[in-house]
Amino acid sequence: MHSYDTLLAAITAQHGSTREVHDPATGALIGTAPLQDVAELEAAIDRAVAAQTAWAALADEERSRYLHRAADAIEAAAEPLAELLSREQGKPLNGPNARFEVGACAVWLRAAADTPLPVEVIVDDGENYAELHHRPIGVVGAISPWNWPMMISIWQIAPSLRMGNTVVAKPAETTTLSGLALVAVMNQVLPDGVLNIVAGPGSTVGDALTRSPRVGKIMFTGSTGVGKRIIEASAHNVTRLTLELGGNDAGIVLPDVDAAAIAADLFWGAFINTGQTCAALKRLYVHDAVYDDVLEHLVAFAKDMPMGVGLDEQNVLGPLQNRGQYEIVDRLVESAKASGARVVLGGDPDHGAVGNFYPTTIVADIDPHNELVTEEQFGPALPVIRYSDLDDVIALANELEFGLGASVWSADRDAARTIAARLEAGTVWINSHGGLHPMVPFGGAKQSGYGREFGVAGLKAVAEPQVVSG
Ligand code: NAD
């Protein structure tokens, strides 16, 4: 699979129901994706169940070696994978985008392979002895969204395989080819049946996956609304869940910052993947004393960031992945405009142009309860809210149902850490936003989900704890 054409040929649907896949930047037809059904899902679960016992029986080191081989295979196919991802998802090859995402897949696979999880002796006092093992759960269902379709799938697949489970993956409808390509590349080296994928609608195939009595754990990343449906479905079989749901991360800028020095990090915190990132900075609260200065430097940095077709090496921002998301961003910016907020950059899309391009948009002097602030925009439109009282801004940051990430920006690290303790979020970054590390637990508070991915916590999340006592 060392060329784009071979990769595409390997995953192109030849028969059955299919869907045309168009490049969100150009509208060009790039391929045909299968639209599978519940019968095909059941067949995939059959294969996963059949393969699981032998996979779990391998020594831990042997499974780790397989994960490293899968990472090698991804690295060998990195450029065609990135090209397909760029064409289907829209994100540019360059910048923290398609090549970066493919590279991260290999990094997270290797981290899952190399993280030790020894048996823990819990009690050993001469009279009592108890040790804690982490056994495979069985079959894991891995349901992923369209914004980082390869990387997020790997976050679900890698720990699951390492712990001796087999996997049935379900990619998002609009990034099916990216999911299929990733799995096809990994399956060049993995044993048959260990990693399966079924490309079908969430409402039928995804739903059936979450209700299957043969699937012991669902790893889900997507919207809070679908997450709630999955919680209901899980009640049938007491299915284990890790839910990475929506976010509306706040950033709080204190009056002591150097506005010029933080502009680039603020920008990338908000606009990485053209804003289509769960833990992106989605509402920025800036103290009145530095408001104009921060805004000026942020706009100066943002205004020249090239947006365009992903395969053009100069671009670092792309289109919205699908028209539905474009329309959400457009509606929210129009709502901000109608409320009297000040658009200082962008906000003027060409609705008739080819591609789902929404310009980089920054909206100032906006009411903290405008929809652009309180709803998840998931696109390149950042509201910047003025504040003057610290208690008030902390209350605003905490008032939404989301709690994925947050950030505090200050020259005084201790002051920032004190504020972090008051923020309701799974991660609080100081002087950056959104950086992830394969050993650092990641996940949401409140309605941004539950459970943690990555590192030791992530391995434990796809295992059944078992005490052996006596
Ligand atoms: P979505 O919830 O619409 O879809 C996610 C996946 O769920 C898709 O594969 C879809 O087919 C499937 N699905 C839909 N209905 C289902 C059902 N009834 N049962 C089972 N599966 C079903 O989300 P999306 O629009 O693809 O992604 C955007 C959302 O994902 C945003 O809210 C974003 O914040 C969130 N997200 C969260 C994280 C995180 O780590 N917390 C990461 C990325 C994206």
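The legends below accompany close-up views of a predicted model.

**View 1. Two domains of one chain.** Welcome to the overall layout, a good place to start. The domain assignment splits the chain into domain 1, made of residues 4-245 + 448-469, and domain 2, made of residues 249-430. Between the C-alpha centres of domain 1 and domain 2 there is a distance of 30 Å. Where the two domains touch, domain 1 supplies 28 residues and domain 2 supplies 29 residues.

**View 2. The interface of domain 1 and domain 2.** How much area is buried between domain 1 and domain 2? The value is about 2300 Å², and carbon and sulfur atoms give 58% of that area. In general, the size of an interface is often expressed as the accessible area lost when the parts come together. Across this interface of domain 1 and domain 2, 13 residue pairs are in polar contact, with both residues at pLDDT 80 or more. On the side of domain 1 that touches domain 2, helix 4 (residues 78-89) gives the largest share, five residues. By type, the residues on that side of domain 1 are eight nonpolar, 13 polar and seven charged.

**View 3. A salt bridge between the domains.** Side chains of opposite charge can pair when their charged atoms come close. Across the interface of domain 1 and domain 2, one salt bridge is found. Look for the side chains of Arg99 and Glu313, which meet in a salt bridge at 2.7 Å, N to O.

**View 4. Around the ligand.** Which residues are closest to the ligand? They are Lys170, Glu173, Ser223, Leu245 and Glu376, out of 30 residues that surround the ligand. Ser223 also appears in a polar pair: an N or O atom of the Ser223 side chain is 2.6 Å from an oxygen atom of the ligand. Two backbones can be picked out here as well. A polar backbone atom of Gly202 is 3.5 Å from an oxygen atom of the ligand, and a polar backbone atom of Asp207 is 3.4 Å from a nitrogen atom of the ligand.

**View 5. A salt bridge linking distant parts of the sequence.** The structure holds 27 salt bridges, and one of them joins the side chains of Lys460 and Glu120 at 3.2 Å, N to O. Lys460 belongs to helix 16 (residues 455-461) and Glu120 to strand 3 (residues 120-124), so this pair ties together parts that are 340 residues apart in sequence.

**View 6. Leu29 and its neighbours.** Find Leu29 in strand 2 (residues 29-34). Leaving aside residues up to four places away in sequence, Leu29 touches Glu20, Val21 and His22. Leu29 and Ile362 are 333 residues apart along the chain, and their C-alpha atoms are separated by 32 Å.

Key
Residues are numbered from 1 along each chain as its sequence is written. This is a predicted model: local features need pLDDT of at least 70, side-chain atom pairs count only at pLDDT 80 or more; totals for chains, interfaces and linings use all residues. Side-chain values use heavy atoms; hydrogens and water are left out. Domain bounds come from an automatic or database domain assignment. Contact means heavy atoms within 4.5 Å. Buried area is the accessible area (1.4 Å probe) that two parts lose on being put together, summed over both. A salt bridge is a side-chain nitrogen of Lys or Arg within 4 Å of a carboxyl oxygen of Asp or Glu. A polar contact is a pair of N or O atoms within 3.5 Å; within protein, one must be able to donate a hydrogen and the other to accept it, and residues adjacent in sequence count only if both atoms are side-chain atoms. Helices (H or I, at least four residues) and strands (E, at least two) are DSSP runs, numbered from the N terminus. Ala, Val, Leu, Ile, Met, Phe, Trp, Tyr, Cys and Pro count as nonpolar, Asp, Glu, Lys and Arg as charged, and the others, Gly among them, as polar. A residue is near a molecule or strand if one of its heavy atoms lies within 4 Å of it.
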